[in-house]
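Welcome, and thanks for coming along on this short tour. Please have your viewer ready, with selections easy to make and clear.

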Amino acid sequence: MITLFNTEWPHPAFIALALFAPLAYWWSARSSGRVVFSSLRALPAGGTTWRTELAWVPDAMMAMAVVAFAIALVGPRRGDQSARVHEDGIGIVMAVDVSGSMHAMDLADSKHPAQCEYTPDRDPTRLGAVKRVFEHFVMGGKDLDGRPDDAIGLVAFAHYADTRSPLTLDHGNLISAMRQLDFATREDDGTAIGAGLELAVQRVLDFKTRSKIVVLLTDGDSNVHDIDEDTAIDDAVKAGVKVYTIGAGTKERAKFCVDGNLTSVSIQFDDALLRKIADKTGGQYFRAEDAAGLSKIYAQIDKLERTKIEEMRFTEYRQFYPWFVAIGLGLVVLANLLRGTLLRRLP
């Protein structure tokens, strides 16, 4: 659809039919009558008349009728009445733990089995599972409808927190940023939940929506306290940001790739802090011990409260195609009348 002269043209491809106008003119002109005379002396002298000068007019009318019909098929219309259409949307920031413990493979599934050698599209690690579910959460798929009307951002944290994508409605770039997430290096390893939460709260405040949500996912205890967790919680409460926390992975042992072999390793996880964050901010705490559980959690979060975003849309249109149909039919009728009367051709 294109817009020209404050008028919408929904089917512009049909204008190509106007190219048949010269063919219509040729077809109309070739139908002229002929009379056989034994000698040109039988014809009156005197040259042309106004009728012969205007003999081409009916043919031109037939060509113009083809153009009018082509414009009618394009369907020109103009918005005549508008209404406020409400769209659901909220501001969401996903804060993801990228510490070394996210290498664990306890969220692997049948399509992404736990193994030491794998390609990026078959990543069996916790981080790989989070990437897949997050993409479905944003774009839709796996029983999730997607969030096309939501502004969503991405924060990654390990020893430090980092904004990977500000809140955006350009979800294609957001997913690209998520796919590029990688594990923290050994020098930057750690789990700074306070820093991750604080940065996520600051980012979600960048977008003006009535509802502001942070989804914080981690698989371990907070062991970096450059920003105190209680301070981050208080800032979230003051800003009216609701935080949903997700504890990812099993609680006691998980499989890791050690020296090329899958090895079960003892891990520590205390969900008391995550429960505290969720309770104080009015959110909810979830526990995901396998890939199916993680998907179900995102399905629940997908049903969060929503705020209304208003948009003006045309609900009724003034259609102009009947005018062009009438013009085309009128030209055809008038051309035939002229050809049969004033500009009549001999049979």
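How many nonpolar, polar and charged residues are in the lining of the largest pocket? Keep that in mind while you make the opening selection; note also that you are looking at a predicted model.

**Stop 1: the pocket**

Select Tyr-118, Thr-119, Pro-120, Asp-121, Asp-123, Gly-128, Lys-131, Arg-132, Glu-135, His-136 and Arg-179, which line the largest pocket. The space inside this pocket comes to about 340 Å³. Now colour the selection by class: you should find two nonpolar, three polar and six charged residues in the lining. Next, show helix α4, residues 126-139, because this helix gives the largest share of the lining, five residues.

**Stop 2: α4 and α5**

Keep α4 on screen and add helix α5, residues 171-179. Their axes lie 10 Å apart, and the two helices pack at an angle of about 175°. α4 and α5 are therefore roughly antiparallel to each other, since the angle is over 145 degrees. To see the contact, select Lys-131, Phe-134, Glu-135, Val-138 and Met-139 on α4, then His-171, Leu-174, Ile-175, Met-178 and Arg-179 on α5. This contact has six nonpolar residues, one polar and three charged. Lys-131, Glu-135 and Arg-179 may look familiar: they also line the pocket you just visited.

**Stop 3: α1 and α3**

Clear the view and pick helix α1 (residues 21-29) together with helix α3 (residues 57-74). Here the axes come within 8 Å and cross at roughly 150°. That angle therefore makes this pair roughly antiparallel too, and the crossing is right-handed. On the α1 side, show Ala-21, Ala-24, Tyr-25, Trp-27, Ser-28 and Ala-29; they meet Pro-58, Asp-59, Ala-60, Met-62, Ala-63, Val-66 and Val-67 in α3. Colour them by class and you get 11 nonpolar residues, with one polar and one charged.

**Stop 4: α6 and α7**

Are the next two helices roughly parallel or antiparallel? Select helix α6, residues 193-204, and helix α7, residues 229-239. Their axes cross at roughly 20° and come within 8 Å. Because the angle is under 35 degrees, α6 is roughly parallel to α7. Turn the pair around and look at the crossing, which is left-handed. From α6, the contact uses Gly-194, Leu-197, Glu-198 and Val-201; from α7 come Glu-229, Thr-231, Ala-232, Ile-233, Asp-235, Ala-236 and Ala-239. By class, the residues of this contact divide into six nonpolar, two polar and three charged.

Definitions and conventions:
Residues are numbered from 1 along each chain as its sequence is written. This is a predicted model: local features need pLDDT of at least 70, side-chain atom pairs count only at pLDDT 80 or more; totals for chains, interfaces and linings use all residues. Side-chain values use heavy atoms; hydrogens and water are left out. Axes are lines fitted to C-alpha atoms, for helices over the stretch in contact, and angles run from 0 to 180 degrees between N-to-C directions. Helices (H or I, at least four residues) and strands (E, at least two) are DSSP runs, numbered from the N terminus. Angles under 35 degrees count as roughly parallel, over 145 as roughly antiparallel, 65 to 115 as roughly perpendicular and the rest as oblique. A crossing is left-handed if the near helix is turned anticlockwise from the far one by less than a right angle, and right-handed if clockwise. Contact means heavy atoms within 4.5 Å. Ala, Val, Leu, Ile, Met, Phe, Trp, Tyr, Cys and Pro count as nonpolar, Asp, Glu, Lys and Arg as charged, and the others, Gly among them, as polar. On a 1 Å grid over the protein atoms alone, a cavity is a set of points where a 1.4 Å probe fits but cannot get out, and a pocket is an open set with protein on both sides within 12 Å along at least five of seven lines; lining residues have an atom within 4 Å of a point. Grid points are joined across faces, edges and corners, and a volume is the space filled by probe spheres set on the points.
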